[in-house]
Number of protein chains: 2
Amino acid sequence: MDGIGLIIYARCEVWYKGRAESHLAPGDYLIIRKKDGALLIHGATLTTPLNYQPPGAELKYERTPEGIILTSTRKKEEIKIKIQEVYTHILADSWSNNKITLWGTESHLRDHVISNIDKYFPGHTEIHKEYSTPVGAIDLLVIQDKSGERVHNVIEFKRKKATLAACSQLGRYLQHFRTQMMVLSIGYIFSPDITANALIHLEQNGDHHVKVEIPQITHP
Amino acid sequence: MDGIGLIIYARCEVWYKGRAESHLAPGDYLIIRKKDGALLIHGATLTTPLNYQPPGAELKYERTPEGIILTSTRKKEEIKIKIQEVYTHILADSWSNNKITLWGTESHLRDHVISNIDKYFPGHTEIHKEYSTPVGAIDLLVIQDKSGERVHNVIEFKRKKATLAACSQLGRYLQHFRTQMMVLSIGYIFSPDITANALIHLEQNGDHHVKVEIPQITHP
DNA sequence: AGTTCAGTGATGCGT
DNA sequence: ACGCATCGCTGAACT
């Protein structure tokens with residue numbers, strides 16, 4: 001975190017080589033090198049960079065007859081930038097490293113449901129957040145006694161529309177409970193919405209979707 | 001795509017309001033506004049922006065006694081930036097919009113395996129790429145005739161270490177074939193590596209991992 | 001360090 | 001244009 005912050009707008013060409021490999025045709029791009037070593041090359045559109053490297057990369061500077069060559073290396077991944085002409089460069093020493101504070105996440109949704117748990121699972125005897133299993137942690141596990149039988153309600157939360165991936169994730173937990181632990185289990189996806197395919201797949205397995213809205217934000 | 005490209009290094013403060021909500025404390029940040037309307041606010045570390053808005057956002061400029069206020073709006077999402085002082089700004093008219101060309105993806109791995117398919121599945125009768133099912137598309141489906149019985153080999157590719165999520169995905173396809181289509185099916189994950197838990201889970205279901213390396217890159 | 005999961009995910013592809 | 005599944009995802013939390 002003691003590196004240099006550098007922002008360069010320049011005419012350049014970029015090569016990436018690692019697990020995959022890419023080439024970016026010569027043009028005018030924004031090159032960002034952050035204090036933690038992260039490197040970004042941005043084009044004129046899109047939020048995602050054309051090329052990037054995560055924090056921890058090392059930057060090498062080299063002057064050649066063809067122009068400046070920047071090489072950023074991290075493990076077995078390398079990005080090479082051949083700079084033809086620098087239009088503007090900023091040495092961002094003062095660059096701040098604050099974090100945003102974010103409200104309205106999946107765990108907020110989960111906690112909101114827990115605070116109204118009687119509404120969804122009356123007569124519950126146990127509640128476990130992030131219940132750990134060999135196949136991953138269950139967002140919320142609510143155990144009920146139904147006429148003497150213990151029912152395990154396995155709940156997966158999604159803050160937006162649930163897809164097939166959510167069903168798979170839930171199915172994995174349920175398979176563990178049903179076939180390894182031999183306990184009676186019912187699966188639930190709590191989300192504001194669910195895709196048609198996901199709902200079909202869910203109901204074929206005898207599980208359920210419960211529509212819930214992201215809770216209103218309450219500032220601390 | 002006819003908007004202005006703008007790069008600003010400035011002291012500012014940022015608020016985001018939409019499905020979620022966040023606040024970024026005053027400091028020195030890099031503000032990027034792209035030609036397609038995308039907006040990024042980057043801090044001194046990490047590859048991801050602190051705040052962002054996808055393409056299509058509209059930017060409003062406002063001058064107040066407290067400083068310049070930029071407001072970027074897209075659907076019901078809004079980012080507000082209060083700029084105290086601009087250190088450097090670049091009007092990036094020439095900003096290029098080229099795309100990278102990428103080799104070594106999951107589909108390259110799949111195609112490499114297909115070209116050596118006899119090695120893995122001798123006596124196959126049918127090969128289907130991206131075989132569509134109600135629960136998603138199977139990367140590769142290879143059908144074999146084994147002493148008169150049709151065996152469906154369901155193959156999922158991962159370009160790096162396979163995790164539990166890959167098993168779930170594969171399991172979803174297999175469940176469909178076995179319980180809905182009533183055909184004999186065997187599942188495979190082809191990847192350079194697999195996590196311990198994922199391998200256990202896979203083998204418990206009678207499925208298999210096949211170690212494959214990302215193919216050498218051959219430039220066109 | 002390895003593994004798993006959430007994300008204002010984003011992108012690409014199919015309908 | 002929208003819905004849907006994947007990603008060189010990234011980053012964070014936990015073992």
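This short talk covers the two protein chains, the surface near DNA strand C, and some aromatic pairs. Keep in mind that this is a predicted model.

Let's start with the two chains. Rotate chain B by 180 degrees, shift by 0.3 Å along the axis, and chain B superposes on chain A with an RMSD of 0.4 Å. The two copies are thus related as by a two-fold rotation axis. Where does chain B come nearest to that axis? Look at B:Ser168, whose C-alpha is 2.8 Å from the axis. Now the interface. Of the interface residues of chain B, 99% are also interface residues in chain A, so the copies meet through the same surface.

Next, DNA strand C. The strand is surrounded by 30 residues. The closest are A:Thr48 and A:Arg159 from chain A, plus B:Tyr52, B:Lys161 and B:Asn197 from chain B. Which part of the strand faces the protein? Of the strand C atoms within 4 Å of the protein, 84% belong to sugar and phosphate.

Here are some individual contacts. B:Lys161 puts a polar side-chain atom 2.4 Å from a phosphate oxygen of strand C. The side chain of B:Thr195 has an N or O atom 3.0 Å from a phosphate oxygen. B:Asn51 goes to a base instead: a polar side-chain atom lies 2.9 Å from a base oxygen.

Which elements build this surface? From chain A, β10 (136-146) and α3 (164-180) each supply at least two residues. From chain B, β4 (51-53), β7 (77-91) and α4 (196-204) do likewise. The most comes from α3(A), with three residues. By type, the surface has 11 nonpolar residues, 10 polar and nine charged.

Last topic: aromatic rings. Over all chains, there are 16 aromatic pairs. Take B:Tyr120 and B:Phe190. Their centres are 5.2 Å apart and their planes at 75 degrees, so this pair is edge-to-face. The two residues are 70 apart in the chain, B:Tyr120 in helix α2 and B:Phe190 in strand β12. B:Tyr120 is partly exposed, at 24% relative accessibility. B:Phe190 is buried, at 1%.

A second pair is B:Tyr131 with B:Phe177. This one is also edge-to-face, with 6.1 Å between centres and 80 degrees between planes. Strand β9 holds B:Tyr131, helix α3 of chain B holds B:Phe177, and 46 residues separate them. Buried or partly exposed? B:Tyr131 is partly exposed at 29% relative accessibility, while B:Phe177 is buried at 3%.

Over in chain A, ring pairs join A:Tyr120, A:Phe121, A:Phe157, A:Tyr188 and A:Phe190 into a cluster.

Key:
Residues are numbered from 1 along each chain as its sequence is written. Chains are lettered from A and ligands numbered from 1 in the order in which they are written. Side-chain values use heavy atoms; hydrogens and water are left out. A residue is near a molecule or strand if one of its heavy atoms lies within 4 Å of it. A polar contact is a pair of N or O atoms within 3.5 Å; within protein, one must be able to donate a hydrogen and the other to accept it, and residues adjacent in sequence count only if both atoms are side-chain atoms. Helices (H or I, at least four residues) and strands (E, at least two) are DSSP runs, numbered from the N terminus. Ala, Val, Leu, Ile, Met, Phe, Trp, Tyr, Cys and Pro count as nonpolar, Asp, Glu, Lys and Arg as charged, and the others, Gly among them, as polar. Copies are superposed by least squares on the C-alpha atoms of residues with pLDDT of at least 70 in both. Contact means heavy atoms within 4.5 Å. Rings of Phe, Tyr and Trp (its six-membered ring) pair if their centres lie within 6.5 Å; planes under 30 degrees apart count as stacked, over 60 as edge-to-face and the rest as tilted. Buried means under 20% relative accessible area, exposed over 50%, partly exposed in between (1.4 Å probe, protein chains only).
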